[in-house]
Amino acid sequence: MYTRSAIFEGTIHPGREEEFFRIVEEKLLPVWRRMPNAQAVRVMRTERTDPDAASIIMVQEIDYPSMEAVEEALVSPVRLEGRVLTDEMMSMCDGRFYHLVYSRVA
């Protein structure tokens, strides 16, 4: 199994937190669940960190059965739908997002 994660790093503009997460729950989550070959989708909102940790707003994870399935998802039109919504959401914060693909060890 392979997991592709999106790490959302930065800070949400004051007073926009609930709007930010409403877009995640109501708009992005349904798109992420439609990604080709997606087996599971998780979104974690940061609640507490170590004092010296990076400022992570949230982490999104999508599980895929193979690296080929990840590659297929990356070229899917569904991914472009999500990207438009992600750009809208990111306008509410100062920061960036990036992706990691990893395989489960245990």
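This passage looks at strand S1 and helix H3 in a predicted model.

A good place to begin is strand S1, which spans residues 2-12 and is mostly covered, with eight of its eleven residues buried. On one hand, S1 pairs with strand S3 (residues 56-64) in the antiparallel sense through eight bridges; within this pairing, Glu-9 has Ile-56 of S3 as its bridge partner. On the other hand, S1 runs antiparallel to strand S4 (residues 93-103), and eleven bridges join the two.

Ser-5 gives a closer view of S1, the strand in which it lies. Its bridge partner in S4 is Leu-100. Ser-5 counts as buried because its relative accessibility is 1%, and the cut-off for buried is under 20%. The side chain of Ser-5 also makes a polar contact, at 2.7 Å, with the side chain of Tyr-102. Among the residues that Ser-5 touches, leaving aside those up to four places away in sequence, are Gln-60, Glu-61 and Tyr-98.

Helix H3 comes next. Its 14 residues (77-90) reach 20 Å from the first C-alpha to the last, close to the 20 Å expected at 1.5 Å a residue. The buried residues of H3 are Val-78, Gly-82, Leu-85, Thr-86, Met-89 and Met-90. These residues lie on the same side of H3 because they cover an arc of only 135° around the axis. A general rule helps here: an α-helix has 3.6 residues a turn, so residues three or four places apart point the same way. The buried residues of H3 pack against S1, helix H1 (17-33), S3 and S4, while the face turned away from the buried side carries the exposed Pro-77, Leu-80 and Val-84. Finally, at the start of H3, a side-chain oxygen of Ser-76 comes to within 3.0 Å of the backbone nitrogen of Val-78.

Methods
Residues numbered from 1 in each chain as written. Predicted model: local features only at pLDDT ≥ 70, side-chain atom pairs only at ≥ 80, totals over all residues. Heavy atoms only, no water. Buried < 20%, exposed > 50% of the residue type's maximum accessible area, 1.4 Å probe, protein only. Helix = DSSP H or I, 4+ residues; strand = E, 2+ residues; numbered from the N terminus. Pairing = 2+ DSSP bridges. Polar contact = N/O pair within 3.5 Å; in protein donor to acceptor, adjacent residues only side chain to side chain. Contact = heavy atoms within 4.5 Å. Expected span 1.5 Å × (residues − 1). Arc of directions from axis to C-beta.
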